[in-house]
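Morning, everyone. I'd like to walk you through a structure that will be new to most of you, so have a look at it while I talk.

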Amino acid sequence: MKLNVKNIRYVMPEDWRVLTAAEQGSRNHELVPTPLIVQLSGLRSGNAVHKSISNLAKIGLIAKVKNAKYDGYRLTYGGLDYLALHTHTKASTIYSVGNQIGVGKESDIFVCANETGMQQVLKIHRLGRISFRTVKANRDYLRNRSSASWMYMSRLAAMKEFEFMTALRQAGFPVPEPIGQNRHTVVMSLVDAFPLRQIATIQDPSELYSELLSLIVRLAEVGLIHGDFNEFNILIEEKPEADGKVALIPTIIDFPQMVSISHANAEYYFDRDVDCIKRYFDRRYGFTSDEPGPFFKESTKNIRKRLDVEVEASGFSKKMAKELEAYMKEHGIDGDAGGVEREGQDEDEDPRSEQDEPLDVEPELESDPSPEETLDEEAAIDPTATPAQ
Ligand code: ADP
Ligand code: MG
């Protein structure tokens, strides 16, 4: 999925209102009726709305649905991307967007910068982009809400990622610094490191191996299991030391699949994380340890904190966690443990040096608050607003 930020400068203040109206309308309508967009936009001139609609459709932020029963538009992923970027820009978390550095099944990763030029990472969650249409399984928790579900679920994934990153960072774990979250996006610090997957040789694998396993144990001691602890989600910074050795410093990323140690399958996920590291070190570096474990039961004997419980209280509720888990399960989203090679992650290519694209977003009219600010945020993300029971 391309993120073409070039057109953002052509989005005028009234276009933002109309786009926001389309987003609001898509909570309850897969295809948002044009009169509803007009009404929700709060603009007095119907002509202005129609002009905006045609602008937005031209740059692909909304799309007309062919052969529909009534005249209407649906919000596209591009439209949602622009809304999120617009909010990040207003909040000064993002000033420009640069190159894509990662393409996952469920996300796109870009380098971005803030106003001071500091480089950061923008992660755009895209749940359901691949598997959605092929899924026929029972989805009673979301019946007939297919349009809102990709948006809502991607937003849940972003919220979850942000909340866990925040809690882990506060507890002293090596994770990126969380900077902002909006809709289906997360902004975090850029870790100047590459995935373990790209480290071909290691002088002393035992050291890093022990460190990674002890991270799994430390996570369990604060109530958490990563759930996707693999060579793609561990970034390794190589730091030369005075004695000629190279210190390998890990940073853990990618948290939408984290589970609590109270999860019914906690032990399974814990063992899977451990096995993932064991298998990888064996296959890649020819290293196997004589020591058994670590084991889930032992690791959860010394609970220091319950970050799983803290996160629940922070906004990413148990109910949201369940919905996201059910959706991921249904869509066969099971992390990148399968080891799919990613685009844009070549070892000798560092795309971070190229020129970024300034967003140049139109300033908001002062006397005229944007409808986004007046949006009821809770309602906007609450799928229980109209679900079929
Ligand atoms: P996905 O859910 O698609 O697997 P990840 O969060 O694992 O997304 O990110 C995919 C890739 O993007 C990573 O393997 C890594 O190469 C890069 N990446 C993600 N976050 C960062 C970051 N904060 N700093 C540097 N690189 C990152
Ligand atoms: Mg990943």
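Let's start with a small sheet: three strands make an open sheet, in the order β1-β3-β2, and the pairing is antiparallel. Out at the edges you'll find β1, residues 32-33, and β2, residues 62-64, and each of those pairs on one side only. I should say right away that this is a predicted model, so please keep that in mind as we go.

Now, how is β1 held to β3? Two bridges join β1 to β3, residues 72-75, and the two strands run antiparallel. If you want one pair to click on, take Pro33, whose bridge partner in β3 is Gly72. And there's a helix on this sheet: α1 packs on it and touches β1, β2 and β3, with a direction at about 90° to that of β3.

Stay with that helix for a moment. Helix α1 covers residues 13-25, and it packs with helix α3, residues 46-58, at an angle of about 80°, the axes being 9 Å apart. With that angle, α1 counts as roughly perpendicular to α3. Which residues of α1 meet α3? On the α1 side they're Glu14, Asp15, Val18 and Leu19, and in α3 they meet Ala48, Val49, Ser52, Ile53, Asn55 and Leu56. By type, the residues of this contact divide into six nonpolar, two polar and two charged.

OK, let's step back to the whole protein. There are 389 residues, and 39% of them are buried. The secondary structure comes to eleven helices and 14 strands. As for contacts with a separation of 6 or more, 70% of them are between residues 24 or more positions apart.

The domain assignment gives us two pieces: domain 1 is 1-75 and domain 2 is 194-314. How far apart are the C-alpha centres of domain 1 and domain 2? They lie 45 Å apart.

So, on to a second sheet. This one is also an open sheet of three strands, in the order β9-β11-β12, with antiparallel pairing. The edge strands here are β9, 194-195, and β12, 246-252, each pairing on one side only. Going across it, β9 joins β11, residues 234-240, through two bridges, and those strands run antiparallel. You can pick out both partners: Phe194 goes with Ile236 in β11, and Pro195 goes with Leu235 in β11.

Leu235 is a nice one to follow, as its bridge partner in β12 is Thr251. Between β11 and β12 there are seven bridges, again in the antiparallel sense. These two strands form a hairpin with five residues between them, and Gly244 in the turn has a positive phi of about 90°.

One last stop, Ser210, which you'll find in helix α6, residues 205-221. Is Ser210 buried or exposed? There are 12 other C-beta atoms within 10 Å of Ser210, and 12 or fewer counts as exposed, so Ser210 is exposed. For a sense of distance, go from Ser210 to Asn182: they're 28 residues apart along the chain, and their C-alpha atoms are separated by 36 Å.

That's my tour. Who'd like to take the mouse?

Notes:
Residues numbered from 1 in each chain as written. Chains lettered and ligands numbered in written order. Predicted model: local features only at pLDDT ≥ 70, side-chain atom pairs only at ≥ 80, totals over all residues. Domains from an automatic or database assignment. Axes fitted to C-alpha atoms, helices over the stretch in contact; angles between N-to-C directions. Helix = DSSP H or I, 4+ residues; strand = E, 2+ residues; numbered from the N terminus. Parallel < 35°, antiparallel > 145°, perpendicular 65-115°, else oblique. Contact = placed C-beta atoms within 7 Å. Nonpolar A, V, L, I, M, F, W, Y, C, P; charged D, E, K, R; others polar. Pairing = 2+ DSSP bridges. Buried ≥ 20, exposed ≤ 12 C-beta atoms within 10 Å, placed from the backbone.
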